[in-house]
Each structure stands twice: as structure tokens, then as C-alpha cells.
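Q: Please take a close look at one part of this model. How is that part packed, and what surrounds it?

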Amino acid sequence: MSAPAETPPAPAPWEIREATPADWAAIWEILEPVIRAGETFTWDRDTTEAQARAKWFKTAPGQTFVAVGRGETGGVVLGTGELHPNQAGGGSHVANAAYMVRAGYGGRGVARALCAYSLDAARAAGFRAMQFNAVVESNVRAVAAWQGMGFEILGTIPEAFNHPRLGYVGLHVMYRRL
């Protein structure tokens, strides 16, 4: 008697690819509300579109990427990420990355998929590890997601982030080898 055939996993409802300049308008639609809310990123809440574009688009060995919907969300940029060396010189073998997801698409696995993509891209670019320098401790969903992706909290800088509603909260430094 033969074993039952395994059902292949369903394809992800998005494709992750390198971003192009043509993606900028959709990326800005994602970044702007996150930046203005000031709850999860250390960016100045008054960051202009031009400043954000200059900061978000990376050059090799870094990369900027997008998750583009398939099926019912076909063509919609659901999330974006960027990857770059955490430091220059002797620290350039450790990557850093950031991700933002379109409003209404949180909790669907987009950020985890962007993180997985960046881990693979960092490994392929020759990085030996990835470090997140400033994960806001009140962003519990992100903290849990990154821990689920193999990151550990190396330390927390108390009251390092002034959250617009919660006041001063800590910033985690998170790390994983590649």
C-alpha cells in the first residue's frame, strides 16, 4: 500500500521581489502612516517623502524589496522592507533590516515573509548575522514575530523611545546568526 500523496502547500498570496523606482508611490503609502503614527519606528514623525525615499532605498550589498499581492490583492504592494549593513568597516558583516506593512494587512504573515526574504538575501550577500537596533518593546506583535524567526533580545535600553501614547518605553536590541 502506498503512502497518501502529500498536498503541496498553497502558494503565498504575495510575491516578494526587489523594489524598483516605480514602486515608490505604493511604498510611500505604507511608510507615511507608520512614520506619522510614531509608534513603532524611531524616525522623525515629520519626515518628508523625499527624506523617506532617500533613507528607505538601499544600494548593494543592501536591498529594498516589496511584497506584492497575488489573487484578490493582485498588484497591491502589501509590505516593504529594506536591508543594509548595520555598521561600516569592521561591523559591516552584520546586516540590519526594517519592514513596514500596509494598513489593514497586519497579522497575515507579510512582515514574517519580508523578514524571511531579508534573512535569505543577507545570507546571499555574505552577511554573517542580522541585528535589529531598536525594536520598540510595546510593539509586542513584532517582538514575538522576530523571536519566532530566531532573533533573541540581547538587551533593552530603558525608556529609549518616547511613544506618543504610552510615554517612554524601552527599545530592544535583537540579534540572530545567519
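A: The following account begins with helix 1 and then turns to its surroundings.

The model is predicted, so local features need pLDDT of at least 70 and side-chain atom pairs count only at pLDDT 80 or more, while totals for chains, interfaces and linings use all residues. Residues are numbered from 1 along each chain as its sequence is written, and side-chain values use heavy atoms, without hydrogens and water.

Helix 1 covers residues 24-37 and helix 2 covers residues 49-56; helices (H or I, at least four residues) and strands (E, at least two) are DSSP runs, numbered from the N terminus. The axes of these two helices come within 11 Å and cross at roughly 105°, where axes are lines fitted to C-alpha atoms, for helices over the stretch in contact, and angles run from 0 to 180 degrees between N-to-C directions. Helix 1 and helix 2 are therefore roughly perpendicular to each other (65 to 115 degrees; under 35 is roughly parallel, over 145 roughly antiparallel, the rest oblique).

On the side of helix 1, the residues that meet helix 2 are Trp24, Ile27, Trp28, Leu31 and Ile35. Their counterparts in helix 2 are Glu49, Ala52, Arg53 and Trp56. Contact means heavy atoms within 4.5 Å.

Ala52, which belongs to helix 2, shows this packing in detail. Ala52 is buried, with a relative accessible area of 0% (buried is under 20%, exposed over 50%, partly exposed in between, with a 1.4 Å probe and protein chains only). Beyond its neighbours within four places in sequence, Ala52 touches Trp24, Trp28, Leu31 and Ile35, together with Trp43 and Thr47. From Ala52 to Leu31 the C-alpha distance is 8.0 Å, although 21 residues separate them in sequence.

Helix 1 also lies across strand 2, strand 3 and strand 4, and runs at about 80° to strand 3. Strand 2 (residues 63-69) and strand 3 run antiparallel and are joined by six bridges; two strands pair if DSSP finds at least two bridges between them. Across this pair, Val66 faces Thr80 of strand 3. Strand 3 (residues 77-85) is in turn joined to strand 4 by seven bridges, again in antiparallel fashion, and Leu83 stands opposite Ala97 of strand 4. Strand 4 (residues 94-101) is mostly covered, with seven of its eight residues buried.

These strands belong to an open sheet of seven strands with mixed pairing, in the order 1-2-3-4-5-7-6. Strand 1 (14-18) and strand 6 (152-163) form its edges, each pairing on one side only. From one strand to the next, the twist averages 25°.
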